[in-house]
Each structure stands twice: as structure tokens, then as C-alpha cells.
Amino acid sequence: MSTNTVDNARKVTTMRLREMKERGEKIAMLTAYDYSLARLVDEAGIDVILVGDSASNVMIGNPTTLPITLDQMIYHAKCVTNAAQRALVVCDMPFGSYQGNSKEALHSAIRIMKESGAEAVKIEGGEQIRESIERILCAGIPVMGHLGLTPQSINKFGTYAVRARGEAEAEQLLRDALMLEEIGCFSLVLEKIPAALAARVASEVSIPVIGIGAGSGVDGQVLVLQDMLGITKGFSPKFLRRYADLSTTINTAIGSYIDDVKNVTFPSAEEQY
Ligand code: KIV
């Protein structure tokens with residue numbers, strides 16, 4: 001359990017996140033994709049669990065987030081909602097599930113909510129997908145926006161480099177953020193943009209802004225769980241702080257198990273019937 005002073009027993013809601021922003025209390029968000037780790041994350045007192053489409057990379061081993069399907073996202077989100085007692089669970093809408101038309105977007109969002117029990121959806125993009133977001137919001141489904149580096153557009157960007165360094169893209173991002181707030185999104189993720197721009201967005205909108213590679217001037221932070229626990233390897237962007245080295249811990253434990261099996265020191269007399 002973390003040492004923060006937050007009321008750890010109370011269920012986190014979209015309204016509560018807004019109150020946290022108003023109080024200046026930072027929001028801690030992490031991804032999770034399965035029951036066992038989601039339970040640990042929830043018990044540790046995280047505010048929001050994101051069932052990110054990063055599951056495509058982390059859980060399935062795809063090189064991008066594009067291949068993961070709506071069915072797969074629903075599966076992962078269901079695993080997480082089975083575990084989460086306190087955290088707000090937000091599920092990413094995967095590539096191809098909302099860009100076609102707004103009715104398809106609504107249908108996808110309803111499937112996520114009905115079949116997984118997630119409490120909100122997250123969608124990448126601004127003005128171009130306004131109609132889809134509005135239709136989802138009209139159905140009473142809370143929406144978290146996502147601007148800046150939007151990995152589902154990797155084939156358009158051609159790189160995972162920092163976004164919105166130039167004035168035109170920065171101004172567009174600010175307009176998109178204001179639009180997302182105006183139409184009723186409850187929160188917004190800003191990924192890999194200059195810290196000064198992210199801080200400006202967070203000060204200009206009243207909804208909580210959660211950053212990843214967006215500096216400290218926002219209302220909260222999100223990291224991919226496997227990255228911050230040191231399970232994934234070969235991915236070391238500047239913004240990633242590793243809080244553990246679980247790949248070494250797991251490797252050592254499995255190595256010891258293999259040795260014990262080979263040397264017949266496992267199971268011992270006490271470990272058998
Ligand atoms: O899919 C994901 O994990 C995300 C976070 C990086 C914000 O969208």
C-alpha cells in the first residue's frame with residue numbers, strides 16, 4: 001500500500017477525479033491487462049487503471065497497437081474489472097473500432113461497457129473524431145481523450161518522436177483539448193509533448209489532464225505497468241522511470257527453480273504428500 005494520504009477505501013469515479021484536480025491532488029494512473037496484476041495495482045491504491053491498447057505490444061507481442069481487436073480489448077478489460085474494487089477502470093477503444101463512422105464508434109463503446117464492465121473509454125484524436133466522441137457521450141459513456149503522440153497513427157507520423165514542438169501543431173492540440181472539454185470528455189491524456197505545452201493545456205481546461213512524457217505540470221501521470229516494473233526490456237524513453245527490475249527478479253527465480261528441478265532439490269520431503 002502506498003503512503004499517500006488519499007482516502008483509499010472510496011471508489012474512484014470520474015467526478016472524484018475532477019474534484020482531485022480542483023483540490024490540486026495529483027492523479028496516479030497505470031495500465032493493467034490481467035486479473036492478477038490489476039488486483040495488485042488496485043490494492044496498492046492507484047486511482048485509475050487503463051486497459052490500454054498497449055496490450056497489443058505488452059500482452060500479445062505485436063510491434064504496434066494497431067492489430068489488437070475489439071474482442072481482445074474487451075477480454076483484457078473484463079480481466080481487469082474482475083479485479084478492481086477501488087480504481088476507475090478505463091478501456092482504450094482499439095484502432096478500427098471508432099474511425100469508420102460515429103454509429104460504429106457508439107456500437108464499439110457500448111460493447112466495451114456491456115461486455116467488460118469498464119467504467120469509461122479512451123479514444124485517440126481530436127477534431128476528426130468529434131462526431132464519434134459526441135455520440136458516445138450522448139449514450140452516457142464517459143470518454144477520456146488522448147492527444148499528442150497517438151500511437152494508433154504511427155503510420156501517419158512515421159516515428160514515436162515528441163509531438164507538437166512546432167507552433168501550428170501546438171495550437172491545434174490546444175484547440176482539440178478545449179474542444180474535448182467543451183463536448184464533455186471527463187479527462188484527457190497527453191502523450192509525449194513538450195512540458196510547457198502540457199502545463200498550458202492543464203491550466204486552460206478544467207478537466208483532469210494525465211500526462212505520459214508530458215512533464216510535471218499536468219494533473220496526473222500514467223505509465224505502462226510492465227515498463228515501470230522493469231518487465232519489458234529494450235524500451236527506455238526519457239520519460240520512463242523504472243520502479244523495479246522484475247525481469248531480473250523473475251529470471252533469477254525461474255533459474256533457481258530450473259536448478260532445483262534438475263538437481264532434485266525440489267520438491268523437498270516437506271513439499272510432498
Ligand atoms: O495504451 C496505452 O497504454 C496508453 C497509455 C500510454 C496512455 O494509451
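Biologist: Where does valine 264 lie?

Modeller: Valine 264 lies in the segment after H11. Keep in mind that this is a predicted model.

Biologist: Why is valine 264 called exposed?

Modeller: The relative accessible area of valine 264 is 64%. Exposed means over 50%. The value of 64% passes that cut-off, so valine 264 is exposed.

Biologist: What stands out in the backbone of valine 264?

Modeller: The phi of valine 264 is positive, at about 55°, although valine 264 is not a glycine.

Biologist: Which other residue has a positive phi although it is not a glycine?

Modeller: Alanine 164, with a phi of about 60°. Alanine 164 is in the loop between helix H7 (154-157) and helix H8 (167-183).

Biologist: How do you know whether alanine 164 is buried or exposed?

Modeller: Set the value against the cut-off. Alanine 164 has a relative accessible area of 3%. Buried means under 20%, so alanine 164 counts as buried.

Biologist: Back to the segment after H11. What is the peptide bond from phenylalanine 266 to proline 267?

Modeller: That bond is cis, with omega near -5°. Proline 267 is in the segment after H11.

Biologist: Where is glutamate 271, and why is it called partly exposed?

Modeller: Glutamate 271 is also in the segment after helix H11 (246-262). Its relative accessible area is 46%. Partly exposed is the range between under 20% and over 50%. The value of 46% falls in that range, so the label is partly exposed.

Biologist: What does the side chain of glutamate 271 reach?

Modeller: The backbone nitrogen of serine 268, at 2.9 Å. A polar contact needs a pair of N or O atoms within 3.5 Å, so the distance of 2.9 Å fits.

Biologist: What makes serine 108 buried?

Modeller: A relative accessible area of 4%. That is under 20%, therefore serine 108 is buried. Serine 108 sits in helix H5 (residues 102-116). Its side chain reaches the backbone oxygen of serine 97 at 2.5 Å.

Biologist: Why is glycine 24 called exposed?

Modeller: The relative accessible area of glycine 24 is 55%. The cut-off is over 50%, so glycine 24 qualifies. Glycine 24 is in the loop between helix H1 (14-23) and strand S1 (27-31).

Biologist: How are the C-alpha atoms of glycine 24 and proline 63 separated?

Modeller: By 37 Å in space, with the two residues 39 residues apart along the chain.

Biologist: Now the ligand. Which residues surround the ligand?

Modeller: Thr31, Leu50, Gly52, Asp53, Ser54, Asp92, Lys122, His146, Val189, Ile212 and Val224. The shell divides into four nonpolar, four polar and three charged residues. The ligand sits in the second largest pocket.

Biologist: What makes the approach of lysine 122 to the ligand a polar contact?

Modeller: An N or O atom in the side chain of lysine 122 is 2.8 Å from an oxygen atom of the ligand. The limit is within 3.5 Å, so this pair counts. Aspartate 53 has a polar side-chain atom 3.0 Å from an oxygen atom of the ligand. For aspartate 92, the distance to an oxygen atom of the ligand is 3.2 Å. These pairs pass too, because the limit is within 3.5 Å.

Biologist: How much of the ligand does the protein bury?

Modeller: Taken alone, the ligand exposes 260 Å², and the protein buries 95% of that.

Methods
Residues are numbered from 1 along each chain as its sequence is written. This is a predicted model: local features need pLDDT of at least 70, side-chain atom pairs count only at pLDDT 80 or more; totals for chains, interfaces and linings use all residues. Side-chain values use heavy atoms; hydrogens and water are left out. A residue is near a molecule or strand if one of its heavy atoms lies within 4 Å of it. A polar contact is a pair of N or O atoms within 3.5 Å; within protein, one must be able to donate a hydrogen and the other to accept it, and residues adjacent in sequence count only if both atoms are side-chain atoms. Accessible areas come from the Shrake-Rupley method with a 1.4 Å probe; for residues, only the protein chains shown count as cover. On a 1 Å grid over the protein atoms alone, a cavity is a set of points where a 1.4 Å probe fits but cannot get out, and a pocket is an open set with protein on both sides within 12 Å along at least five of seven lines; lining residues have an atom within 4 Å of a point. A molecule sits in a cavity or pocket if more than half of its atoms lie within 2 Å of its grid points. Ala, Val, Leu, Ile, Met, Phe, Trp, Tyr, Cys and Pro count as nonpolar, Asp, Glu, Lys and Arg as charged, and the others, Gly among them, as polar. Helices (H or I, at least four residues) and strands (E, at least two) are DSSP runs, numbered from the N terminus. Buried means under 20% relative accessible area, exposed over 50%, partly exposed in between (1.4 Å probe, protein chains only).
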